[in-house]
Each structure stands twice: as structure tokens, then as C-alpha cells.
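Trainee: Could you take me through a close look at one helix, and then show me how the parts around that helix are arranged? I would like the cut-offs behind each term as you go.

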Amino acid sequence: MFEAIFEFLFKYRPLVFEQGDFAIRAPWAIALAAAVAAGALTLRTYGRVRGNSRPLDRGVLAAIRLGAIAVVAFCLLQPVVVLSSVVPQQNFLGVLVDDSRSMQIADRDETERLRFVEDRLRAGGDLRTALEERFALRFFGFSTETDRLGDLDELTYRGTRTQLGQALERAHEELTGVPLSGLVVVTDGADNADGGLGESLLPIQAAGIPVFTVGLGRETFDRDIQLSRVETPRRVLRGAALVVDAVVTHRGYRGETVTVQVEDEGRIVGTEEVELGGAGEPRTVRLRFTAAEEGPRLFTFRVSPRPGEMVTQNNVRDALILVENHSEKVLYFEGEPRFEVKFLRRAVADDENLHVSILQRTAENKFMRLDVEDADDLVGGFPTTRAELYRYSGLVLGSIEANYFTPDQLRMIADFVNDRGGGLMMLGSQRSFAEGGYAGTPVADVLPVVLDERGADGEEDFFVEVAVETTRAGATHAATQIAETEELSVDRWSELPPITIVNPITEVKPAATALLTSAADDLVVLAFQRYGAGKSLAFPVQDSWMWQMHADIAVDDMTHETFWRRMLRWLVDGVPDQVTVELPADQVEPGESVTILATVGDANFEEINNSAVIASVTHPDGDFTDRRMEWTAEADGEYRATFIAPTEGFYEVRVEALSGDELIGEDVTYLQVAPSDAEYYDSTMRTALLDRIAEETGGRRYTPETVDSLADDVQFVGGGVTVVEERDLWDMPALLLLLGTLVLGEWGYRRFRGLA
Amino acid sequence: MPVSTGRRLGRRWAAVVAGAAALGALAATAGLAVADVAPCNTAYTGQLVFVRLRYDAAQGRRCGPFPQFITWAHDYPRAERNLTRILESVTYIDPFQGPYGGNVLALDDPELHKFPIAYMSEPGHWYPSEAEVLGLRRYVEKGGFLIFDDFWGAHWENFEAQMRRVLPDARLLPVELAHPVFQSFFEIESLEMEPMYYGLPVEFHGVFEDNDPAGRLIAIANYNNDIGEYWEYSDTGWVPIDLSNEAYKFGVNYLMYAMTH
């Protein structure tokens, strides 16, 4: 509207004045002399006139008359705006059209975004015609890749990503060497490239090439629900109980309840309902399900589509989770015979993915070994070397005093968490925590709770029976889920019979999280923290077996078993092996390059930089690709290789590391190669991005409604072969209006004052 | 089912000591009644507490000529008092040690579930009510461990019958020397013990989880035996030390096994 009014008054659009320089064509001295003479004559005339006029009247009338004379004088000066204008048909214009799937979204009057291209840029379209009259057009289609097009009928709108920066770079390179007036980008701006846009714009800015952006689509949808984010672990143990947060956003469905479900390759394994809040307000849904089947499993998270949704493809997200079926090793060191050993063993006995080896001190220098894997395991007592201890993923310390360990063993336990990435758990007893003399030891640094230095001074024994309740974090944490739903789990915790505590711990460390507390006292019952590469847990309870044996517990109640299985699984979750492999993403597009990263450590988990590391990639059709991985030199023990995933399907990536002929270890991961749905997420038009591109390059942003001036604008703004052009300003309607206003004003004033 | 093989008198000490032991036991337990025993129980503090199961030896089946002789209380409390002393001195177990050695609880007492090991004397005279049967069944199914002691000969029939009521699907099977219960602390080299009752051979029977002899032992029965008696008189000089030691080994091993399996 503003531009239209401006153009009506000043003959040209603001862009012309922005780009041009003001000049006067007539000899200014003559015009000035004529104006001065006319002015002098005016002043003299009004100076002599008396009649019934007052001095004020004569002053006002003289000023109006002088104004009118000035307007006429300005016109007589023949003012012009001097522009640099591209020479028609001697310059090129690159037209880049978004060829991605988001162009199929029908969000403007139920019309697909691509209709703009089809109607106005295809041969015969008005915009195409206007551009062709001035420029030689070169077309590009861009999505994942950028392709030079013979014409726009080659567009398919099936691209799965929008790589805007890459498209600009490619078009710029392609048109280097020709007189280029600018680049026109027709897109919704839903750029979902991994890299930043800034670097792509630099060479274009340096070359002075303006980029004109034409934004398609709506900045906000009226009605849409989107599953914005789902965060899952990349690998879990079979049977793991997963708690996954899914973030749902929406517009237009405030107050409605939607169902979010998770499917394990088609089988629904979890469902949760959520009431939607205000428009754009994210709502987090906590989904609970079990990874029951081993192998690479594709879990699909889905929000049921609602009537009237503009985009339904963004209601679904996939996550590839490797469900492993090996047994994680946990060492439970118990310093005195007590029932925790018996009941913990029973709790995890049927869990095929947990192997808990128990070292039980039964008397001075006398140990009982239970559930060891080899006859020689732990035969010398608690491990004395890192290599021996680091064979385990988790370590549980029961009623064992700090003085039992040598200083090096205490350091080793701390390193087990910090360096090896293992999980440490300390149980309550008179020989653990502060009461066991751990304050001031390296183990105390690792623990998530603050130990009272006076704890081991032999003061009066602390003993309290407590009922347990969950904290806010504990209500939702994976390790403390002991029932089917979050609510049931919280209720179940509050129903459990009391346990007893002899370690008065009331404070967790700043980085730690309390999951369970005592209902009446202010005692910590369960807390954890991440420490270095691993994590630690404090469970100052001496008789969790009460949750199995207590008279209030039903015979078939599985709470105790569930608690320990989930707790120990969580303790060892994510604990790395000597050799690990990971991929930056669990899904890539066909033909995309994939980077494999591996880390290799020795038995002490010291990084090895000279290992022979081989990545074997098994393609969906069974073919093999072997890649020798090279040390990156960026981090100790880190190796890298790349491969191209040409076809859709699941790829297995197996990495083996050798030291000489000896196998250090191996690891496997999986990759899904499939077209991405990224185009459908956050697929509204990105005005800010398009503005930025235009502003940083000297171009402009248009909408389908304002794009009519594109051809004119490029003509004046663009580079290439140009000529200097003068455009008259004397005949601007604004001047005529001003002159008319002044003359009428003088007449009106006379009438008003009775001077005519 | 083990069968009584005769009434041969025990060897050397048995004839001499039997009368005195009976008198001693009588003296130790004389006048004991339920009301007298229960108040002596200690509250749960996390310590191991030796629990003796109390039952009603009804139907006039008293063991012995004296009406105040209570079968479940044979060897009480000296047996547990001595055993807990031994436990404390030779192992890292920190048992409750009081004047009565431990707690006395009924089979259907909810408190029983706070103490996962329980000892029963004279199961030959044990006639539990339905509530007691149910209580003990729940106790065992949740993880409680039972030690039966001090019964012989025809007592077996009643013991087996009552166990069938408590655990209908369970079978009483011999416990072999190779079983971990006999190596859980002391390495017991032989199951042959000096006959306690009239020359009847000592036998060890047990109930295994899922009736699998290789599985977890959930109850053990010292048949034709009375190791509690050895514990009781171990500090009197009436019993040879080596026999008392053997009895303690079994007791310590039972407890150690039950705390870890």
C-alpha cells in the first residue's frame, strides 16, 4: 500500500530513489535568476499593496506565492534521478526454484505453494514474461542437490531437504563469467541444511550480486500439530524400559487432547494422551515402553492427525534404536553377609542382560564369590588393577568400609567412573558413606551426596525407618519407574513398606539429582550424578529387600525385582566398551556421505592412536564395504572413515580394532537410509531467513502479492551490463498537487480575509 | 521317606548325657510360655536376628513327661545365644545377641517377614493352623529360609504332612554333600555325624526351588539329628568339642547360605 501511494505521488517506487542520484538537467543559474526575479517582483507587489490588508495578510500571501514560484522554478530546473539500469537482454538472471516436498504444502487458500511457480514462472506466466523481456534467464532447481534446469517443467517437488546455501553457491559458481544481474530464489525458506548459511553468502556478497527472495507459504499455519522433537537413546539393552520425551506443538487446537503413540515396527508399544496448550506452546509427553525385540529396531512416534490439519506428515517421527542382547557385567562387592545380597541376586536372576558377579566378604580375609563368569574371577578379592576392574560396566559397593581399600584402589574406583565411564552405586550400611570413612577419599568426590566428615567418629548410631516418596525428577526418571504409568509408579512408591537407613544423608551435590527422599525426614534415599565419563548413584538404604519380604508385599509382587533390574540397567546404560562406534545421525538420505567415528582404548581404557581399525559396512543387499579407519589426530583414540550409502535400507557398520594380530574389541551400529521427512517440520515460510539473504546481498524480499515489481527492481538494483539512465522528476504528481494546493491556498486565504 | 531303623542307644556320651541334657533342657525351658517369650523379642534394626518359630503343640502331644515342656522351645534360648556368639566371632555377620538369643515368632506373625531366616525345633510335633500354614507359605515364597531341627524316626511323617500343607508342590529331597550350603562358609567334608537318636543315621533333607536339587535351597531339615542341642550344650562340657564344632559349622553354613542365596 505504501509503495503504491508513494509511486502514485512520486512517479517512481522508493527503490528508484534509493538506487538513483538526484540531478538537475537545466542550467541552474538561469533558473535561479528567474526564480529570484519572480520572487522579488512578488515581494515588491505585496509590499506596495495596501487596501484593507494587514501586514500579516500580506506576509502570508507573499509566502504562499513564493512557494508556488519555488515549485515552478524547481520544475524548470528539470530535476532527474540518475540510475544505473541493466541493459535489456544483455544480462543474466539466475532463477532458483525450491524443488523440495514442502512446496506441495497447500497452505494458502488450499493452494499448493508450487502453484506460484507453475502459474507465474512457467513459460507464458506473467512474471516469467516480465523477466524474460529484460534478462536472459537461467533456471536452477534445488533441494538436497542443486541442478541446472533446461526449464521449469523438470521440477518434481520431491526433494527431501532444502539446502539453500548450497543452492546459492552452486548458482553463483555456474554463472560466474557472465554478466549477472542477480539471483532470484523462489522458496518457502524452510532451510534444513546442516551447515550455516553465512559462509554461502560471503562470495555472493563479495561479488556484489543481489539476491531477490520470493517467499511462498504462510508464516504461521492456522491449524497444525507437529511432533517437534523425540529424543531416544541410540542403543539399549533388550528388555529395557524406556522413558522417552516427545515434544508436541500446535496451532489451532488449544485445549484438545491428542494421543501420542509409539510403535515398534508397526506394533503399538506405548500410548500417552496430552492436552494441548496455547498456540505454539510446546507440550512434553513422556512415553514409556519396553524395547522387547533385539536388533536394530525402528520405533515410530505418532500423533493422531486431527481434522483440518494443514500438514499431517509432521505428526510422525522415526527413531532407530539398537536393542542389544548381551549381558552387561556388574560387580557387587559386599563387605558383610546381609540379606541385600540374597534378594538382589534373586531380583536380577532372570534378567539375561545383567550379569551381577558378587564378591561377599564373610569373615576377615575370607570371601565368597557368587555368579562369577570364570573360575579365576575375583579369586584375589577386590580387583587390584584397572584392567581387572574395568571389565565391569557397573560397580555396587555394599557394606564395605573405605579402609578396606588401598589408596590406589580408592583412586581406581573413582577412575572407574571418571575415565572408564562406568556406573558406581553405593548402598547404605554402617560401613558405607561417611559412616564407612569415605569422606575425603576419591570415592567421595564421585558420589552424588555430601558426606559428613564426622560420620565415622563413632557417635551414636543413627537408625531411622522411613517411607519413601519420589521427587519431581524421580517421578519421571527411567530408573525409578516401578509401575505401568508414571502416576501408578509415584503411587506405588508411596505405598511401599518402610525401609531403614543408618546413613543420615541430607544433601546432594550441586550437579546431582535426588530421585527418592524420605517422606517424613529430610533424608536422601536415592540420588545420582554424572561424573566424568560415567555416573554414580547413592542409595543409602540398608534393606531394600523389605520391598520383597515385608508382610504387606504380595507374594507375586514384582516391585523389588523391577526396581533392581531397572536400577542396574540404568547404572550400566551407555557405559562404553574398549571399542565404540557411532554415526552422527541414525538416518541419512540415499547417496549421502556417512562419517563413521570410532574410539579405541586398551584394557585400562587408555586411548590408542596406532591401532588397526577396520569398519565393515554391510549394505541392505548384503554387499560389503570395508574401510580402514584413520586416527583423526583431533582426539586421542578417535578414528574416522566415510562411506556413501547409495540405496535405501538398513546398513550395519561393524568396527574392529586390532593391536598387532590381537583383537582389542569390536562394536556395531546401524544406519537407516531413507528419504527424509525434514521438509515437513517447521515448514512455514521463514520470513526472517529470506529477509536476511536479501538484506545481506542488497536484494529484496517479495511475496506473491508484491512480486510484480521484481523485474523492475532487478533492472535498477542488479549488476551486469548497465547504462546510466535519467528519469524526469518535474512531472511528478506530487509537484502538481503541491502547486495546485498553494494556488488554491492563496485564493482561499484572500476569500477568507475578504481581500479578493 | 526315611524310615526308622531301630532303637539302638547312642554311643558313649549319649547314654550318660541324655538324661542330664533332658533335665537341663527342661530346666532351661521350664515354665516358658508364649506370653513369657514374646515380650523378649527385639525390634528390627537391620541386624540378623535368630528367629525361632513358635507353634502350638496341641492335641496333648507334648514331648516328654512334663506338661511344661514346650516342643518348639527345645534348646531355647541357649542354643541361639551360643550360635550367635559363634557367628559374631568367626564371621562378619553381626547378629543380634541378647539374653534370649533372638526372637520367637508365630508362623503367621507379620513380624516374621522382617527376618528371612527361621528355625523350627521338633517339627514332629508341629500341627499348624490354616493361618499358620498360609503365613509360612507366604514367608517361604517371598524368600524366607527355614531350618528344621530336632526330630527323628516317626516324626518324619508329621513333618512331611505339614510341609505338604505349607508347600503342596514341594518335595523333600536329600541334600548332598556337594551342595553349596555345605561349603558356604566352612568346608564340610562329611555329612556323617554321630547319631543323635538311638543310632538312627543323620540325614539332611531339603526343599529346593522348583524341586530342582541344583536350584536354590529354601528349607533344610536335620532329620534324626538335633544340632540345636549341640549348640545348647557346647559351653557346658557335656558334649565333645568336635561334635559341637561340627554342629556350629552346619549352623553357620545354613545362615551364610540363606543370606546369600
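Mentor: A residue is called buried if 20 or more other C-beta atoms lie within 10 Å of its own, exposed if 12 or fewer do, and partly exposed in between, with C-beta atoms placed from the backbone. Helices (H or I, at least four residues) and strands (E, at least two) are DSSP runs numbered from the N terminus. This is a predicted model, in which local features need pLDDT of at least 70 and side-chain atom pairs count only at pLDDT 80 or more, whereas totals for chains, interfaces and linings use all residues. Residues are numbered from 1 along each chain as its sequence is written, and chains are lettered from A and ligands numbered from 1 in the order in which they are written.

The helix to look at is α17 of chain A, residues 687–697, where Leu690(A), Ile693(A) and Thr697(A) are buried. Seen down the axis of α17(A), these buried residues fall within an arc of 60 degrees (the arc of the directions from the helix axis to the C-beta atoms), so they line one face of the helix. Their cover includes β8 (180–187), α8 (198–207), β9 (211–215) and β37 (701–702) of chain A, where two residues are in contact if their C-beta atoms, placed from the backbone, lie within 7 Å. After α17(A) comes Gly698(A), whose phi is positive, near 85 degrees.

For the wider setting, chain A is divided into domain 1 (2–82 + 726–753), domain 2 (88–212 + 684–720), domain 3 (224–322), domain 4 (328–572) and domain 5 (579–673), with bounds that come from an automatic or database domain assignment. The centres of domain 3 and domain 5 of chain A, taken over C-alpha atoms, are separated by 30 Å, and their contact takes 6 residues from domain 3 of chain A and 6 residues from domain 5 of chain A. On the side of domain 3 of chain A that touches domain 5 of chain A, the elements giving two or more residues are β16 (295–303) and β17 (316–324) of chain A, and β17(A) gives the most, with 3 residues. By class, that side has 4 nonpolar, no polar and 2 charged residues, where Ala, Val, Leu, Ile, Met, Phe, Trp, Tyr, Cys and Pro count as nonpolar, Asp, Glu, Lys and Arg as charged, and the others, Gly among them, as polar.

A second helix of chain A, α19 (residues 733–753), holds Leu742(A), which is buried because 20 other C-beta atoms lie within 10 Å. Leaving aside neighbours within four places in sequence, Leu742(A) is in contact with Ile64(A), Gly67(A), Ala68(A) and Val71(A). Leu742(A) and Glu592(A), 150 residues apart in sequence, are 71 Å apart in space, C-alpha to C-alpha.

Turning to the other chain, chain B has 7 helices and 7 strands, and buried residues make up 51% of its 261 residues. The contact between the chains takes 20 residues from chain B and 25 residues from chain A; on the side of chain B that touches chain A, α4 (130–142) and α7 of chain B each supply at least two residues. The residues of that side divide into 8 nonpolar, 8 polar and 4 charged.
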